[in-house]
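User: Hi! Could you walk me through this structure? I'm new to this, so plain words please.
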Amino acid sequence: FPKGSARSDAESVGRPPLWTDLRIRLNPPYLDFKEHPVGMPRIETVVIHNLNERQSLHLNSISGSTLHFHSSFFESKVVPPGEKTTFKVVFLARMIGNAENSLFIHTSEGIVPYQVFGTG
């Protein structure tokens with residue numbers, strides 16, 4: 001990869017790239033829905049920033065295996081350099097207690113885990 005690309009920092013130190021090496025920022029960095037009534041959905045928006053100044057970020061899918069958290073599709077599947085897009089996460093507590101899981105954002109640069117929390 002050319003110097004300054006999403007993976008060059010990791011390769012320069014001889015280790016495989018981590019998702020934190022990617023030029024992607026999620027805002028908020030994780031979602032904590034806090035306490036919310038069981039059976040009532042709550043929706044939050046997540047912003048994905050493409051920090052790479054040279055290439056577009058392709059967003060392929062979001063996956064996860066959880067009963068309590070669901071996600072929408074991306075507002076835009078291709079994010080130009082320096083731009084951003086959004087997706088929504090829904091917390092629907094199905095029982096009383098803590099719920100914690102990760103959603104996985106599949107991109108052209110790798111898979112980014114995104115932590116979600118809530119209490120029903």
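Analyst: Happy to! Let's start with a term: helices (H or I, at least four residues) and strands (E, at least two) are DSSP runs, numbered from the N terminus. Two strands pair if DSSP finds at least two bridges between them. For example, two bridges join S4 to S6, and these strands run antiparallel. Leu-57 has Val-79 in S6 as its bridge partner.

User: Is there anything I should know about the model itself?
Analyst: This is a predicted model, where local features need pLDDT of at least 70 and side-chain atom pairs count only at pLDDT 80 or more, while totals for chains, interfaces and linings use all residues. Residues are numbered from 1 along each chain as its sequence is written, and side-chain values use heavy atoms, with hydrogens and water left out.

User: Cool. Which sheet do S4 and S6 belong to, and in what order do the strands come?
Analyst: They sit in an open sheet of five strands, ordered S2-S9-S8-S4-S6, with mixed pairing. At the edges are strand S2 (31–35) and S6, each of which pairs on one side only.

User: And what does S3 pair with?
Analyst: Strand S3 (residues 42–50) pairs with strand S1 (residues 24–27) in the antiparallel sense over four bridges. S3 also pairs with strand S7 (residues 84–91), again antiparallel, over eight bridges. Val-47 shows both pairings: Val-47 is the bridge partner of Asn-27, and Val-47 stands opposite Thr-86 in S7.

User: Switching to rings. How many aromatic pairs are there?
Analyst: Rings of Phe, Tyr and Trp (its six-membered ring) pair if their centres lie within 6.5 Å; planes under 30 degrees apart count as stacked, over 60 as edge-to-face and the rest as tilted. By this rule there are six aromatic pairs. One of them is Phe-69 with Phe-91, which is stacked because the ring centres are 5.0 Å apart and the planes are at 25°. Phe-69 lies in strand S5 and Phe-91 in strand S7, so this pair ties together parts that are 22 residues apart in sequence.

User: Are those two buried or exposed?
Analyst: Both Phe-69 and Phe-91 are buried. Buried means under 20% relative accessible area, exposed over 50%, and partly exposed in between (1.4 Å probe, protein chains only). Together with Phe-33, Phe-69 and Phe-91 form one aromatic cluster.

User: Why is the pair of Phe-74 and Phe-87 called edge-to-face?
Analyst: Because the planes of Phe-74 and Phe-87 are at 80°, with the ring centres 5.8 Å apart. Phe-74 is in the loop between S5 and strand S6 (78–79) and Phe-87 is in strand S7, 13 residues apart. Phe-74 is buried at 10% relative accessible area, and Phe-87 is buried at 1%.

User: What does Asn-60 touch?
Analyst: Contact means heavy atoms within 4.5 Å. Leaving aside neighbours within four places in sequence, Asn-60 is in contact with Phe-74, Lys-77, His-106, Thr-107 and Ser-108. Asn-60 is found in strand S4 and is partly exposed, with a relative accessible area of 43%.

User: Last one: where is Thr-66?
Analyst: Thr-66 is in the loop between strand S4 (57–63) and strand S5 (69–71). Thr-66 is buried, with a relative accessible area of 17%. Beyond its neighbours within four places in sequence, Thr-66 is in contact with Asn-101 and Leu-103.
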